[in-house]
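Colleague: Please walk me through this one, helix by helix.

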Amino acid sequence: MTSLGPTWAAATGQDTVEDWVDARLRSRWGAEGADFDQEGLCFELREALNDGLPVGWALDENRFVGPDPMPEDALDLVRDAIDGIDFWGIAQSYDNGD
């Protein structure tokens with residue numbers, strides 16, 4: 001049995017994975033962040049995150065689901081999983097710039 005956990009917005013301050021990716025790229029490269037295949041990057045980021053979450057956890061759209069009952073430290077667990085992703089390493093594969 002699973003239960004609804006933290007939202008992406010609660011974990012990152014951005015409403016969606018797509019918004020978070022766009023904000024990270026633009027924070028580093030400004031408008032040149034648009035030179036990335038953001039759709040592909042978001043897809044791979046979701047896969048990497050799901051692989052990095054503990055067993056029984058998953059990112060479903062922009063909400064995390066996990067065990068029932070939801071642990072008290074669920075938000076910290078999710079944030080740690082997000083921090084564990086090599087975002088810039090993954091992003092290199094999706095740079096369409098010259």
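**Helix packing and charge pairs**

Colleague: In α4, A74, V78, A81 and I82 are the buried residues (under 20% relative accessible area, with a 1.4 Å probe and protein chains only). What arc do they cover around the axis?

Modeller: Happy to start there! This is a predicted model, so local features need pLDDT of at least 70 and side-chain atom pairs pLDDT 80 or more, while totals for chains, interfaces and linings use all residues. Residues are numbered from 1 along each chain as its sequence is written, and side-chain values use heavy atoms, without hydrogens or water. Taking directions from the helix axis to the C-beta atoms, these buried residues sit on the same side of α4, because they cover an arc of only 100 degrees.

Colleague: Which residues are exposed on the other side of α4?

Modeller: Exposed means over 50% relative accessible area. The buried residues of α4 pack against β1 (2–7), α1, α2, α3 and β3, with contact meaning heavy atoms within 4.5 Å. On the other side of α4, the exposed ones are D80 and D83.

Colleague: How far apart are the end C-alpha atoms of α3?

Modeller: Helices here are DSSP runs of H or I, at least four residues, and strands are E runs of at least two, numbered from the N terminus. Helix α3 holds 15 residues, 38–52. The expected span is 1.5 Å times one less than the number of residues, so α3 should span 21 Å, which agrees with its end C-alpha atoms being apart by 20 Å.

Colleague: Is I90 buried or exposed?

Modeller: I90 belongs to helix α5. Leaving aside residues up to four places away in sequence, I90 touches L41, E44, A48 and I85. Its relative accessibility is 12%, so I90 counts as buried.

Colleague: Which residue forms a salt bridge with R46?

Modeller: A salt bridge needs a side-chain nitrogen of Lys or Arg within 4 Å of a carboxyl oxygen of Asp or Glu. R46 is buried at 18% relative accessible area. Its closest N and O atoms with the partner are 3.4 Å apart. The pair links distant parts of the chain, 28 residues apart, joining R46 in helix α3 to a residue in helix α2, E18.

Colleague: How many salt bridges does this rule count?

Modeller: Besides R46 with E18, the side chains of R26 and D22 meet at 3.0 Å, N to O. R26 and D22 both lie in helix α2, 4 residues apart, about one turn. By this rule the count is 2.
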